[in-house]
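Here are some short exercises on how chains meet in a protein assembly. Try each task yourself before reading its solution.

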Amino acid sequence: MPNEKTLRELGTLTGSEVRGPGAEAVVITGVGPLDQAGPGLLTFVADKKHRPQLSATQASAVIIPPDIDWDKPCLVNRNPYLAFAKVAELFAPPVPFPPAGVHPSAVVHPEAVVEPGAAVGPFCVVGARAVIGARTVLVAQVFIGDDTQVGGDCILYPQVVVRERIRIGQRVIIHPGAVLGADGFGFVPEGEHYRKLPQIGTIVIEDDVEIGAAVTIDRATLGETRLGQGCKIDNLVQIAHNVQIGPHTVVAAQTGFSGSTILGRHVMVGGQVGTAGHLTVGDNAVLAAQSGILRDVEPGGAVFGCPARPHREAMRLLAEYGKLTEMRRRIEQLEKRLKALEGK
Amino acid sequence: MPNEKTLRELGTLTGSEVRGPGAEAVVITGVGPLDQAGPGLLTFVADKKHRPQLSATQASAVIIPPDIDWDKPCLVNRNPYLAFAKVAELFAPPVPFPPAGVHPSAVVHPEAVVEPGAAVGPFCVVGARAVIGARTVLVAQVFIGDDTQVGGDCILYPQVVVRERIRIGQRVIIHPGAVLGADGFGFVPEGEHYRKLPQIGTIVIEDDVEIGAAVTIDRATLGETRLGQGCKIDNLVQIAHNVQIGPHTVVAAQTGFSGSTILGRHVMVGGQVGTAGHLTVGDNAVLAAQSGILRDVEPGGAVFGCPARPHREAMRLLAEYGKLTEMRRRIEQLEKRLKALEGK
Amino acid sequence: MPNEKTLRELGTLTGSEVRGPGAEAVVITGVGPLDQAGPGLLTFVADKKHRPQLSATQASAVIIPPDIDWDKPCLVNRNPYLAFAKVAELFAPPVPFPPAGVHPSAVVHPEAVVEPGAAVGPFCVVGARAVIGARTVLVAQVFIGDDTQVGGDCILYPQVVVRERIRIGQRVIIHPGAVLGADGFGFVPEGEHYRKLPQIGTIVIEDDVEIGAAVTIDRATLGETRLGQGCKIDNLVQIAHNVQIGPHTVVAAQTGFSGSTILGRHVMVGGQVGTAGHLTVGDNAVLAAQSGILRDVEPGGAVFGCPARPHREAMRLLAEYGKLTEMRRRIEQLEKRLKALEGK
């Protein structure tokens, strides 16, 4: 039986004003995108610039900001995107998880602790003295090394690997194929060869972190690699040994942080960014996509390019760059005219 | 017993003219590269520029285009590379797959459907109401979520993850470690924190798609992420939520498409390319390796650089860039000469 | 019981001079970083520039180079980093591995060979005629295809995939999620479609190679993809079909080598580098991070940028680039002054 809510109920849930003819009684059974949502569905417009598409929507209701006029059933909210997220949670189909308890096929060490309500799915391996927190789910084929602690209410999707002696907080989500705790990339030249520097350290993942698919987070050489509370890491990101990421920092896909990079709080990192090692990026900094960061970035700084420069300077130089041919021609003109003048 | 074919048989198979002394009866037992293929093997030269290496080959026969002269046994074909591919198929050692049926170690939900001739290898997990199409192979340690449908004649290599409610067509090949259906990267700021936007949508993979190792394809926020018929995706590519890729588009390794990017048909994408979100790339466009695509690309357009510019403009500007020092010196000269002139 | 060594013993082990009051008898129980190591621990300073931090250390002893003065217990060594690596090995906590033998849950083909002292962990799959060398460990959930040979004293971490017919040498370490032997990315246009070129070749990994997490190494189209002795490959690197990497070459994370690239010995490759296919990079070359290599690099060459140029030229052009606005203004000045002069 599908979920059903009246627009009035959703107004209360999201703290929105309910507006439009007969709006309060409109029944909503799901959510959809502006251009595809049909009858029964709720959609949203976050910004005035999408107002034109609104007229064509088939959705039964829409969440709009106060500065959009609309004479059909709607919820008016200063943050339509956030209100929509809350409604979407209500109608999201449940993700199928294994039931609480240990699947008969799983290999759980007798000295491991699986707390109440936790689920250990098929073909999982849980090492000695590892702890799987209450209500945490290891969906399937997950590897948890010895002495690793996973907090409560976490989700570890299929084929996540967390090696030994790592600490993961509460409500952490780790997507399929992510690898936590591989050796940091540390070698010491010894004649022709490289000698492996033992990677003795660990990783700490704080509460409410989300880690994308096939992300690799290396254990520290000594000490710890740390992801602060509420960090969100997209797919295929590389986090080297001893990297420290502050709380609520967001990192887009395929970015790589070299060893011992320190990122502050609320940093925004675009996709395919690379940083040199041992850098410090301040709180609230913004690193644009594909940038190559070779120096520290100050708090609140915005940088772009490879090597990265302050955003404004980078944009200015790009504009100049686009006129290089014109610039060369002006030089040629000057040379001609000067020659003519000199000839006189 | 190794496979054996006469050059005559291979001429018929590939639609080639058989030429050279005693050519028809030459027996071929395999294929090899031009510089390594020895007696019994067939090799090819696709382009006149490799003609010099041909003289040194030890191969028993060679596939050549009509514009190359060669007086030893050969197949003449307008498309030597394609002819070679057809012969290579004949001699390729079979990839070892588990036999049809469900391996005793696999965990297949009683409500899942495994169609005739399909093989579910060791340690695979197949969810409720999932369908594994006829003659499809899950090699080993594959995860298939609830309600996911995999068409017929597919190959899913070890440790592929396909989460719930995803549709995969016929003859799709997915290489090891690929992850389909992880949550899109969507968060809504809520005070200091980010609130997770539920990722409700799905993925559709059309027929004849090939997906590389450790590729990540996220499910749509709402609606679907879609890969069109015959797309070929290389290793470690990131495909974000709601990306749409047209038929027969080819994407090289480590490229990333941000959310809601739309790519047309027959687009060629180099390695390590990144696109901003919500872009449209037209049919037959070519995105050069390492480009950063910040704007729409028109059908047939070719772009390069970060930020990407039309290929011709990008090459022109690079040439100017290479002469920047010379340009500065010319300015200095102008300044000196002008000063001298002004002094008079 | 923790490991304990006197500084005298460690001096002998590392070939260092033991210096400082009562130094020989100082007992060391572990290692730590300069700023965090407390009593009982040994730390190191590799370079004079970190001398200031040394004064504040709480460590019981420190490894220093001869050109640093220090009046507390220390080991003096010309290569403090290498000496430290040797001591760290001594104190590194052992990585937990499954015991020798085949875990009852593993699926090992009756025709596979598991040599003495080798360990095959839970949920591993080992194919027909595969060989797992003496004392080699497959930690868990590893896939080894038919006819693949893994040498002695290797470590394959959880969820490594090695497909069929691949040869791995002695003492090779492969981190979680790495994929060896997926099909090379080879397709031949055939009308509207692409026809798959069979990937018949193999991979050879020589002795003492280390391969990072989620690295993808494709099998050769024909012939072999090869990683030379002692290569170190960081996480998420893409190595395409037929790539040849010379001995002791080091590759940082997220780099990608296109098909048939040849790298020499002792090459240093930064992170997020990309190479075009069929290139040759000479011995001891240095490819800076994020570079796009479009041409051959000579032995000992250092290149940077996209497209990559010789390092010196690249740095010079970047410096010019930073002055583009100034350059444009100088042109404007010249134009004004010239006009004034012409007007006379």
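**Exercise 1.** Find how many residue pairs are in polar contact across the interface of chain B and chain C, and which parts of chain B help to build it.

*Solution.* Start with the polar contacts: in this predicted model, 26 residue pairs make them across the interface of chain B and chain C, counting pairs with both residues at pLDDT 80 or more. Next, look for the elements on the side of chain B that touches chain C. At least two residues each come from helix 3 (80-91), strand 28 (232-233), strand 31 (250-251), helix 4 (311-322) and helix 5 (324-343) of chain B. Helix 5 of chain B gives the largest share, 11 residues. Finally, sort the residues on this side of chain B by type: 36 are nonpolar, 17 polar and 11 charged.

**Exercise 2.** Describe the extent of the contact between chain B and chain C, then check whether C:Glu190 and B:Lys86 meet the salt-bridge rule.

*Solution.* First, count residues: 64 of chain B are in contact with 65 of chain C. Then take the area: about 5300 Å² is buried between these chains, and carbon and sulfur atoms give 66% of that. Now for the pair. The closest N and O atoms of C:Glu190 and B:Lys86 are 3.9 Å apart. The cut-off is 4 Å, so the pair counts as a salt bridge. Between chain B and chain C the count is seven salt bridges.

**Exercise 3.** Work out how chain A and chain C are related.

*Solution.* Turn chain A by 120° with a shift of 0.0 Å along the axis, and it can be laid on chain C with an RMSD of 0.1 Å. The two copies are therefore related as by a three-fold rotation axis.

Terms used: Residues are numbered from 1 along each chain as its sequence is written. Chains are lettered from A and ligands numbered from 1 in the order in which they are written. This is a predicted model: local features need pLDDT of at least 70, side-chain atom pairs count only at pLDDT 80 or more; totals for chains, interfaces and linings use all residues. Side-chain values use heavy atoms; hydrogens and water are left out. Contact means heavy atoms within 4.5 Å. Buried area is the accessible area (1.4 Å probe) that two parts lose on being put together, summed over both. A salt bridge is a side-chain nitrogen of Lys or Arg within 4 Å of a carboxyl oxygen of Asp or Glu. A polar contact is a pair of N or O atoms within 3.5 Å; within protein, one must be able to donate a hydrogen and the other to accept it, and residues adjacent in sequence count only if both atoms are side-chain atoms. Helices (H or I, at least four residues) and strands (E, at least two) are DSSP runs, numbered from the N terminus. Ala, Val, Leu, Ile, Met, Phe, Trp, Tyr, Cys and Pro count as nonpolar, Asp, Glu, Lys and Arg as charged, and the others, Gly among them, as polar. Copies are superposed by least squares on the C-alpha atoms of residues with pLDDT of at least 70 in both.
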